[in-house]
Amino acid sequence: MDDAVAVQLHANGVAEVTLNRPSSLNALSPELIEALTVTVRQLDVSDAARVLLLCGAGKHFCAGANIKAMLDMSVAEAVRAGFTGCCHALAQVEKPVVAAVQGYAVGGGCELVEMCDVVIAASTAVFGHPEITLGTMPGAGGSQRLPRAIGKHKALDMLLTGRTLDAQEAERAGLVSRLCPPDGLRDEALAVAGRIASYSLPVLKLVKASAYATFNTPLEHGLPLERASFHRTLSFADAREGMEAFRDKRTAHFRDC
Ligand code: CO8
């Protein structure tokens with residue numbers, strides 16, 4: 001695998017995936033997008049990985065699409081490659097994905113954040129969609145997922161003016177799950193990902209799929225979908241184990257079945 005993306009698999013099933021082009025603030029070159037696409041697809045079906053943790057090497061998470069690589073791209077090339085300036089495959093991952101964000105997460109970098117499930121941010125992180133300042137616009141869901149994440153008016157303020165949110169405003173708006181001191185970011189993100197990884201993987205996948213149905217289906221379809229998934233979990237050995245562990249006042253040991 002190309003070193004544009006580094007993977008560290010932890011014993012608890014957390015797969016730490018690091019965007020590894022710090023000299024360009026992890027800008028999403030075609031090479032990096034391809035490496036990230038291949039990596040997340042492999043990890044989503046790998047028995048060794050339970051939860052993905054997405055990080056950026058160096059001081060920043062990701063400065064978005066690689067502007068230098070995009071500059072000379074023809075429309076025909078972009079259409080042929082389905083180019084979005086970002087990694088669409090991340091949004092298709094069925095396992096939980098946690099983001100650990102420090103420094104800038106802008107443009108396609110902010111779109112990566114929007115594709116993740118839980119976002120842990122350093123108190124110094126900065127989020128934004130500067131595409132408008134480049135005379136272009138988000139191509140990988142920014143105009144779709146951001147309004148769903150933080151509401152229409154805040155999202156359009158960002159998208160139409162290009163202004164950034166500091167970590168505190170992003171947390172208040174709902175783009176960030178938790179804030180932490182910059183020097184504690186990795187430990188905090190690993191702890192959150194590790195806690196998620198300790199639970200039953202089939203149940204985690206059902207919870208994630210059910211939560212995302214909120215965005216794709218009206219409530220009258222989403223509620224029965226959730227109920228059917230809930231009923232399925234009752235047949236899982238892990239549900240019996242979790243409830244027995246509660247009854248017996250001991251820690252549950254899930255076996256993904
Ligand atoms: N692409 C390419 N190179 C970049 C990028 C980028 N997005 N961001 C930073 N770099 C490079 C810089 O050119 C610089 O390289 P060098 O050392 O060779 O000069 C190096 O990284 C360090 O960057 P800076 O010196 O600029 O670092 P600062 O700390 O001064 O500034 C910023 C940090 C504010 C993040 C600044 O780098 C910046 O504004 N970057 C651009 C951010 C941006 O506009 N991103 C959006 C890109 S567009 C997008 O993501 C979606 C497009 C979807 C289109 C879909 C079409 C179909």
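Two strands count as paired if DSSP finds at least two bridges between them. Keep that in mind as you work through these exercises on a predicted model.

**Exercise 1. Find how β1 and β2 pair, and name a residue that stands opposite Leu 9.**

Step 1. Look at the two strands together: β1 and β2 are joined by five bridges, and the sense is antiparallel.

Step 2. Check that number against the cut-off: pairing needs at least two bridges, and β1 and β2 have five.

Step 3. Now go to Leu 9. Across from Leu 9 you'll find Ala 15, which belongs to β2.

**Exercise 2. Put β1 into its sheet: which strands make up the sheet, and which ones sit at the edges?**

Step 1. Trace the sheet from one side to the other. You get six strands in the order β1-β2-β3-β4-β6-β9, forming an open sheet with mixed pairing.

Step 2. Pick out the edges. These are β1 and β9 (178-180), and each of them pairs on one side only.

Step 3. Look along the sheet for its twist, which averages 20 degrees from one strand to the next.

**Exercise 3. Follow strand β6 and work out whether most of its residues are buried or exposed, then describe its pairing with β4 and β9.**

Step 1. Strand β6 covers residues 118-122, and four of its five residues are buried. For this step, buried means under 20% relative accessible area.

Step 2. Turn to strand β4 (residues 97-101). Strands β4 and β6 run parallel and are joined by four bridges. One spot to look at is Val 98, with Val 118 of β6 opposite.

Step 3. Now take β9. Here β6 and β9 also run parallel, with three bridges between them. Ala 122 has Cys 180 in β9 as its bridge partner.

**Exercise 4. Describe the surroundings of Val 7: where does it lie, how exposed is it, and what does it touch?**

Step 1. Val 7 is part of strand β1, which spans residues 5-9.

Step 2. The relative accessible area of Val 7 is 39%, so this residue counts as partly exposed. That label fits values between the buried limit of 20% and the exposed limit of 50%.

Step 3. Leave out residues up to four places away in sequence, and Val 7 touches Glu 16, Thr 39 and Leu 43.

Step 4. Try a distance too. Val 7 and Leu 19 are 12 residues apart in sequence, and their C-alpha atoms are 9.1 Å apart in space.

**Exercise 5. Glu 16 turned up as a contact of Val 7; now find its salt bridge with Arg 186 and say which parts of the chain the pair ties together.**

Step 1. Start with the distance: in the salt bridge between Arg 186 and Glu 16, the closest N and O atoms are 2.7 Å apart. The cut-off to compare with is 4 Å.

Step 2. Place both residues. Arg 186 sits in helix α8 (residues 185-197) and Glu 16 in strand β2 (residues 14-19), so this pair ties together parts that are 170 residues apart in sequence.

Step 3. Compare the surroundings of the two ends. Glu 16 counts as buried at 5% relative accessibility, whereas Arg 186 is partly exposed at 42%.

**Exercise 6. Go through some other salt bridges: how many does the structure hold, and what can you say about Glu 31 and Glu 241?**

Step 1. The total is 14 salt bridges.

Step 2. One of them links Glu 31 and Arg 21, whose closest N and O atoms are 3.1 Å apart. Glu 31 is in helix α1 (residues 30-45) and Arg 21 is in the loop between β2 and α1, so the pair ties together parts 10 residues apart in sequence. Glu 31 is partly exposed, at 38%.

Step 3. Another joins Glu 241 to Arg 250, with 2.9 Å between the closest N and O atoms. Glu 241 counts as buried at 16% relative accessibility, while Arg 250 is partly exposed at 36%.

Step 4. Finish with a network: Lys 154, Asp 157, Arg 163 and Glu 169 are joined into one by salt bridges that share partners.

Note on methods: Residues numbered from 1 in each chain as written. Predicted model: local features only at pLDDT ≥ 70, side-chain atom pairs only at ≥ 80, totals over all residues. Heavy atoms only, no water. Buried < 20%, exposed > 50% of the residue type's maximum accessible area, 1.4 Å probe, protein only. Contact = heavy atoms within 4.5 Å. Salt bridge = Lys/Arg side-chain N within 4 Å of Asp/Glu carboxyl O. Axes fitted to C-alpha atoms, helices over the stretch in contact; angles between N-to-C directions.
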